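Thanks for joining; today I would like to talk through the cysteine pairs, one after another. Please have the model open while I speak, so that you can follow along.

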Amino acid sequence: MDGVQNLPPHIQGQFMQNLEQMQMKDSLTMYNNLVERCFNSCVSSFRSKSLDKYETSCVENCASRYIKMTQRVGLRFAEHQAMQQKRAADALGAGK
Amino acid sequence: IAEITRVKRKQITMNSFFGQKEEKPAGPDPLFAATTEMEMYTHLFNNMAAACFEKCSSRKHKEPDLALGEMSCSDRCVSKYLEAQEKVGVVLQKANEAQALQQKNLAEMQNALGGR
């Protein structure tokens, strides 16, 4: 994440704005992907116009599990990044 | 070694846009670089979450919570995915270098032929 930290301050504001826009776009994209994923995995018959009880609970469970897994993956990813940065800092310190 | 591959991975992402060897692009627009880096991390995260969900959670979706096995599976999935990304980065870096060398040789050959 070096590129982000090395931005001069007056550009950082613009970057934060870009970041907000990206996050908004990304959350909408995630929503669409989640719907498609849960639909593909839970709904297979088209006998009626509305979701039956099994499909409803399946879709809800699928969404909740995906969100929980995303949160957990994010946690592990952040840990991994922190460890890498620490290793980089240590290597830099040791090199001096 | 992990740190070197991490630096090289950044070089790969930056090389394709700037053709430079530096990690921090001083010349070209740093805002673009930072935005692109952010986008890369976003894509990485989304792909990783999708892949791990596909591989680790059962299709039945009977429960709204993750089972213990699924949780440990997702932890291992994350670390394997990131390790795979580093290894792919190394391979890409080598391919880039080989291609650059090839182009340099070609240019030198053309110069030698044109000089006669």
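B:Cys77 is buried, because its relative accessible area comes out at 13%, and the cut-off for calling a residue buried is under 20%. I should say at once that we are looking at a predicted model, so please take each value I quote as computed from that model. The partner of B:Cys77 is B:Cys52, the two being joined by a disulfide with an S to S distance of 1.9 Å. B:Cys52 is likewise buried, and here the relative accessible area is 0%.

What is the handedness of this link? With -90 degrees about the S-S bond, the link of B:Cys52 and B:Cys77 is left-handed. As for its place in the fold, B:Cys52 sits in helix α2 of chain B, which covers residues 30–56, while B:Cys77 sits in helix α3 of chain B, covering residues 68–115, so this pair ties together parts that lie 25 residues apart in sequence.

Let me now move to chain A, beginning with A:Cys38 and A:Cys62, which form a disulfide with their sulfur atoms 2.0 Å apart. The torsion about the S-S bond of A:Cys38 and A:Cys62 is about -80 degrees, and the disulfide is therefore left-handed. A:Cys38 belongs to helix α2 of chain A, residues 9–42, and A:Cys62 to helix α3 of chain A, residues 53–95, so that parts 24 residues apart in sequence are tied together by the pair. Are these two cysteines buried or exposed? A:Cys38 is buried, and A:Cys62 is buried too.

The other pair I want to show in chain A is A:Cys42 with A:Cys58, joined by a disulfide at an S to S distance of 1.9 Å. This link of A:Cys42 and A:Cys58 is left-handed, with -75 degrees about the S-S bond. Since A:Cys42 lies in helix α2 of chain A and A:Cys58 in helix α3 of chain A, the pair ties together parts that are 16 residues apart in sequence. Both A:Cys42 and A:Cys58 are buried.

To step back from the individual pairs, how many disulfides does the structure hold over all chains? There are four. If one counts the bonded cysteines along the chain, the disulfides of chain A follow the pattern 1-4, 2-3, and for the disulfides of chain B, counted in that way, the pattern is 1-4, 2-3.

Note on methods: Residues are numbered from 1 along each chain as its sequence is written. Chains are lettered from A and ligands numbered from 1 in the order in which they are written. This is a predicted model: local features need pLDDT of at least 70, side-chain atom pairs count only at pLDDT 80 or more; totals for chains, interfaces and linings use all residues. Side-chain values use heavy atoms; hydrogens and water are left out. A disulfide is a pair of cysteine sulfur atoms within 2.5 Å. Helices (H or I, at least four residues) and strands (E, at least two) are DSSP runs, numbered from the N terminus. Buried means under 20% relative accessible area, exposed over 50%, partly exposed in between (1.4 Å probe, protein chains only).
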